[in-house]
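Reader: Could you take me through one part of this model up close? I'd like the nonpolar interior, and what sits around it.

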Amino acid sequence: MSQPRRSGAAAPPSWQEDVFTALKKHGIQQIAYVPDTGHSYAIQEARRDPAIRDVVLTTEEEGVAVVSGAWLGGQRAVLLMQSSGVGNCVNMFSLLQMGQFPFLTLVTMRGEYAEFNPWQNPMGRNTQRALELMGITVLRADVPEDVGETVEAALESAFGAGERVAVLLGQKLIGRKKWERNR
């Protein structure tokens, strides 16, 4: 159960709440992640929830193995990452294909809308293709109203039909990021 918000604390965007609600509804027991602002609400709620184990990763490809191992151990898990992390996972995605494990990753996009960091652009432009080349079905949500339904559909495909699925959460959902320089 969620903890009450501290007074003065800003409410998370509704789409972030929709993500966590869908994960709970579909029995997710582990969340593997590299810390990311776009996934911060789901991460915070998972850390508060005794029914969910949060697994902090040093690199995203570890998460492919974590969620595969969770499945082998009888649990449902999801990998949360940024689009830049998809490139780190490409070799590990072969584990999913060879083991025929169900898989779900939620990917916050970079290298799109108002990106300030040019290093994010190449992977941002190629995230979907990289996932599809590795046999992963890609769904996408770019407006808040679509996020909950899209994540629910992905959960059903992954854990109902045994598919490998990624949901790309468009950069507009998170909003413009600004480069802050220390002077």
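Author: Here is a walk through the interior, starting with how far the model can be trusted.

This is a predicted model, so to speak of local features we need pLDDT of at least 70, while side-chain atom pairs count only at pLDDT 80 or more and totals for chains, interfaces and linings use all residues. Residues are numbered from 1 along each chain as its sequence is written, and side-chain values use heavy atoms, with hydrogens and water left out.

The mean pLDDT of the protein chain is 89, and 87% of its residues reach 70 or more; pLDDT is the predictor's confidence in each residue, from 0 to 100. Residues 1-6 are another story: pLDDT is below 50 there, and beyond near neighbours in sequence the stretch has seven contacts in the model, a contact being heavy atoms within 4.5 Å. Where pLDDT is low, the predicted coordinates should not be read in detail.

Now the layout. The protein chain has eight helices and six strands, taken as DSSP runs numbered from the N terminus (helices are H or I, at least four residues; strands are E, at least two). From the N terminus on, they run α-β-α-β-α-β-α-α-β-α-β-α-β-α. Of the protein chain's contacts between residues at least 6 apart in sequence, 74% join residues at least 24 apart. Buried residues make up 46% of the 183 in the chain, where buried means under 20% relative accessible area, exposed over 50%, and partly exposed in between (1.4 Å probe, protein chains only).

On to the interior itself. The largest nonpolar core has 28 residues, and Ile31, Leu104 and Leu106 have the most contacts inside it. A nonpolar core here is a set of buried Ala, Val, Leu, Ile, Met, Phe, Trp, Tyr and Cys residues joined through side-chain atoms within 4.5 Å. At least two residues each come from α1, β1 (28-33), α2, β3 (76-82), β4, α7 and β6 (164-169). Helix α7 gives the most, with six residues. For a sense of the surroundings, look at leucine 106: leaving aside neighbours within four places in sequence, leucine 106 touches Val19, Leu23, His39, Val78, Leu79, Leu80, Met81, Val151 and Val167. Apart from this core lies another, of 25 residues, among them Met81, Val86, Leu96 and Leu131.

Then there are the rings. The structure holds three aromatic pairs; rings of Phe, Tyr and Trp (its six-membered ring) pair if their centres lie within 6.5 Å, with planes under 30 degrees apart counted as stacked, over 60 as edge-to-face and the rest as tilted. Phenylalanine 20 and tyrosine 41 have ring centres 6.4 Å apart and planes at 90°, so they are edge-to-face. This pair links helix α1 (residues 14-25), home of phenylalanine 20, to helix α2 (residues 40-48), home of tyrosine 41, across 21 residues. Phenylalanine 20 is buried at 7% relative accessibility, and tyrosine 41 is buried at 11%. Phenylalanine 93 and phenylalanine 103 are also edge-to-face, because their centres are 6.0 Å apart and their planes stand at 65°. Phenylalanine 93 lies in helix α5 (residues 93-99) and phenylalanine 103 in strand β4 (residues 103-108), 10 residues apart. Phenylalanine 93 is buried at 1% relative accessible area, and phenylalanine 103 at 0%.

Last, a look outward. Glycine 160 lies in helix α7 (residues 144-161), but is exposed at 66% relative accessible area.
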